[in-house]
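Student: I want every label here set against its cut-off. Can we take them one at a time?

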Amino acid sequence: MPMKTKSFTAIVYREEDMYIAECPEIGTVDQGATIEEALANLKEATRLYLEECPPPDEITPRFVTNIEVSYA
C-alpha cells in the first residue's frame, strides 16, 4: 500500500519537567524531555495510530492562536 502524507496540528506545552505534544485532529498525545523529542514521539504515535485506524478523507485542520482575557 502506498504511503500517504497529511498535515496535522501539533500543540506542545511544558508540564513539570516534560514537554507534552498533542495532535487534536487525531487525539494522540506523547511526551519528551525536549520539544523536538516530544514532537518526534507524537509523530510516531500518530503514525502507528493511523495505521490501525485510518482517518476520514476530510479532516478539518485546527487553528491555534492566543487570546487575552482580563479577570479579577
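Student: Why is Pro61 called exposed?

Tutor: Its relative accessible area is 61%. Buried means under 20%, exposed over 50%, and partly exposed lies in between (1.4 Å probe, protein chains only). Pro61 has 61%, so the label exposed holds. Pro61 is found in the segment after H1. The C-alpha atoms of Pro61 and Pro24 are 8.9 Å apart, with their positions 37 residues apart along the chain.

Student: What stands behind these values?

Tutor: This is a predicted model, in which local features need pLDDT of at least 70 and side-chain atom pairs count only at pLDDT 80 or more, while totals for chains, interfaces and linings use all residues. Residues are numbered from 1 along each chain as its sequence is written, and side-chain values use heavy atoms, with hydrogens and water left out.

Student: What makes Leu48 partly exposed?

Tutor: Leu48 has 41% relative accessibility, so it counts as partly exposed. Its place is in helix H1. Helices (H or I, at least four residues) and strands (E, at least two) are DSSP runs, numbered from the N terminus. Leu48 and Thr28 are 20 residues apart in sequence, and their C-alpha atoms are 10.0 Å apart in space.

Student: How do you know how many disulfides there are?

Tutor: Apply the rule: a disulfide is a pair of cysteine sulfur atoms within 2.5 Å. The count comes to zero. Take Cys23: the nearest cysteine sulfur belongs to Cys53 and is 13 Å away, so Cys23 is in no disulfide. Cys53 is in none either, its nearest cysteine sulfur being that of Cys23, 13 Å away.

Student: Are Cys23 and Cys53 buried, exposed or partly exposed?

Tutor: Cys23 has 3% relative accessibility, so it counts as buried. Cys53 has a relative accessible area of 35%, which means partly exposed.

Student: What makes the three strands a sheet, and how are they ordered?

Tutor: Two strands pair if DSSP finds at least two bridges between them. Five bridges join S1 to S2, which run antiparallel. Five bridges also join S2 (residues 18–23) to S3, again antiparallel. Both pairs therefore pass the rule. The result is an open sheet in the order S1-S2-S3.

Student: Why are S1 and S3 said to stand at the edges?

Tutor: Strand S1 (11–15) and strand S3 (28–32) each have a single partner strand, so one side of each is left without a neighbour in the sheet. Neighbouring strands are turned by 25° against each other on average, direction ignored. Axes here are lines fitted to C-alpha atoms, for helices over the stretch in contact; angles run from 0 to 180 degrees between N-to-C directions.

Student: Which residues are bridge partners in S2 and S3?

Tutor: Cys23 has Thr28 in S3 as its bridge partner. Ile20 has Gln31 in S3, and Tyr19 stands opposite Gly32. On the S1 side, Ile11 has Glu22 in S2.

Student: What is notable about phi at Glu16?

Tutor: Glu16 has a positive phi of about 55° although it is not a glycine. Glu16 sits in the loop between S1 and S2. Those strands form a hairpin with two residues between them. Glu16 has a relative accessible area of 75%, so it is exposed. The hairpin of S2 and S3 has four residues between the strands, and there Gly27 takes a positive phi near 95°.

Student: What makes a space a pocket, and how much space lies in the largest one?

Tutor: About 760 Å³ lies in the largest pocket. A pocket is an open set of points on a 1 Å grid where a 1.4 Å probe fits, with protein on both sides within 12 Å along at least five of seven lines; lining residues have an atom within 4 Å of a point. Volume is the space filled by probe spheres set on the points. Of the 20 lining residues, Lys4, Thr5, Phe8, Arg47 and Leu50 are the closest to the centre. Helix H1 (residues 35–52) gives the largest share of the lining, seven residues.
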